[in-house]
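Me: I'd like to learn how to read empty space and helices in a protein model. Could you walk me through one?

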Amino acid sequence: MDGSYRTLSGKSLESNILFWGQENCKPNYSFKGNNVRDNYVIHYIQKGKGTFASANHSMVSLKAGDVFILPKGVPCFYQADGQEPWSYFWLGLSGIKIRAMLSGSLLSTQNYLKQVQGSKFCQSLNDLFNAAHSPNSLTNDILIGALLYFTFYNLNVEYPTKKRKNSITKDEQLRAAITYLRQNFDNSNLSIVDLCNKMDISRSYLYTLFKNNLSFSPQQFLINLRMENAKEFLANTDDPIQLVSRAVGYSDEFTFSKAFKRYSGFSPKMYRQSLPKQD
């Protein structure tokens, strides 16, 4: 393995970075040292994948864009994948306020978060890691302290505990899910699993929510959304079918054409030809 490690001389008793490190793990690598830590250690996976488990929690598969934490005093196990071993950086956190600041977030209840890249939390975590590399100075100590609180602020705002999320009504959850699908239907990588992870609800719960209120499954709602938008593109543009397919979230023109024919009874080409001619 190749990586780096550094211990910092922090001054704050309330919260501080005690050490940081970065590692490009070999296949199947697992930490062989003491798996019960004296401090909280947060890891961000930069590439690859692996598995993680903590006491009283099931083993989970994690990959680039995910975060996991080794809570203070809690046994944990984590191992790099045999084919695509992960690379990650970590921050060792100390201070009397760390536990309290974690307590309002989902990270404190399940000890991992999936696909946080693009979030403000992820950005501030990376900023914090970068600041930890700078030489010790009063100004950098102030910067680290500010970034540490800002990171926990974003964590609690963007990934609150399930208890807080459960206060959201079913109507609000449904509206949020519909809004997310409408805003992202053109993304070919969008999946219902992504939506469930984003909302922190199970797939079966989301399915019931859609079926009971719309008589559609979430997947069918997404397909309908894509097909209705495809009709608009076909009717109002001269774009090739390949461009239309990409505009509604299909990376493959053939897959889009099959889906469109199942939905409308026409191939995209025939549907366009069947439309009334514009004067």
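Me: Which elements each supply at least two residues of the lining of the largest cavity?

Reply: Happy to help, and keep in mind that this is a predicted model. The general idea comes first: rolling a probe the size of a water molecule over the atoms shows where empty space is left. In this case, strand E8 (87-94), H3 and H4 each give at least two residues to the lining of the largest cavity. H4 gives the most, with 4 residues.

Me: How many cavities of 30 Å³ or more does a search of the whole structure find, and which residues line the largest cavity?

Reply: The search finds 1 cavity of that size, and about 70 Å³ of space lies in the largest cavity. Its lining consists of Ile42, Leu91, Leu93, Phe121, Leu125, Leu128, Leu148, Thr151, Phe152 and Leu155. By class, that makes 9 nonpolar residues, 1 polar and no charged ones.

Me: Now the helices. What span should H4 have at 1.5 Å a residue?

Reply: The 21 residues of helix H4 (residues 138-158) should span 30 Å, and its end C-alpha atoms are indeed 30 Å apart, so the two agree. You can run the same check on helix H3 (residues 120-132): its 13 residues reach 18 Å from first C-alpha to last, close to the 18 Å expected.

Me: Which residues of these two helices are buried?

Reply: In H4, they are Asn140, Ile144, Leu147, Leu148, Thr151, Phe152, Asn154, Leu155 and Asn156. In H3, the buried residues are Phe121, Cys122, Ser124, Leu125, Leu128, Phe129, Ala131 and Ala132.

Me: And the largest pocket: how many residues line it, and which lie nearest its centre?

Reply: The lining has 28 residues, with Lys114, Gln115, Asp194, Asn197 and Lys198 nearest the centre. They divide into 10 nonpolar, 10 polar and 8 charged, around about 720 Å³ of space. Strand E9 (112-113), helix H5 (162-165), helix H6 (170-184) and helix H7 (192-199) each supply at least two lining residues. H7 provides the largest share, 5 residues.

Me: Let's finish with a single residue. Is Ile241 buried or exposed?

Reply: Ile241 has a relative accessible area of 15%, and buried means under 20%, so Ile241 counts as buried. This residue lies in helix H10 (residues 241-247). Leaving out residues up to four places away in sequence, Ile241 touches Leu234, Glu253, Phe256, Ser257, Pro268, Lys269 and Arg272. Ile241 and Phe254 are 13 residues apart in sequence and 9.5 Å apart in space, C-alpha to C-alpha.

Notes
Residues are numbered from 1 along each chain as its sequence is written. This is a predicted model: local features need pLDDT of at least 70, side-chain atom pairs count only at pLDDT 80 or more; totals for chains, interfaces and linings use all residues. Side-chain values use heavy atoms; hydrogens and water are left out. The expected span of a helix is 1.5 Å times one less than its number of residues. Buried means under 20% relative accessible area, exposed over 50%, partly exposed in between (1.4 Å probe, protein chains only). On a 1 Å grid over the protein atoms alone, a cavity is a set of points where a 1.4 Å probe fits but cannot get out, and a pocket is an open set with protein on both sides within 12 Å along at least five of seven lines; lining residues have an atom within 4 Å of a point. Grid points are joined across faces, edges and corners, and a volume is the space filled by probe spheres set on the points. Ala, Val, Leu, Ile, Met, Phe, Trp, Tyr, Cys and Pro count as nonpolar, Asp, Glu, Lys and Arg as charged, and the others, Gly among them, as polar. Contact means heavy atoms within 4.5 Å.
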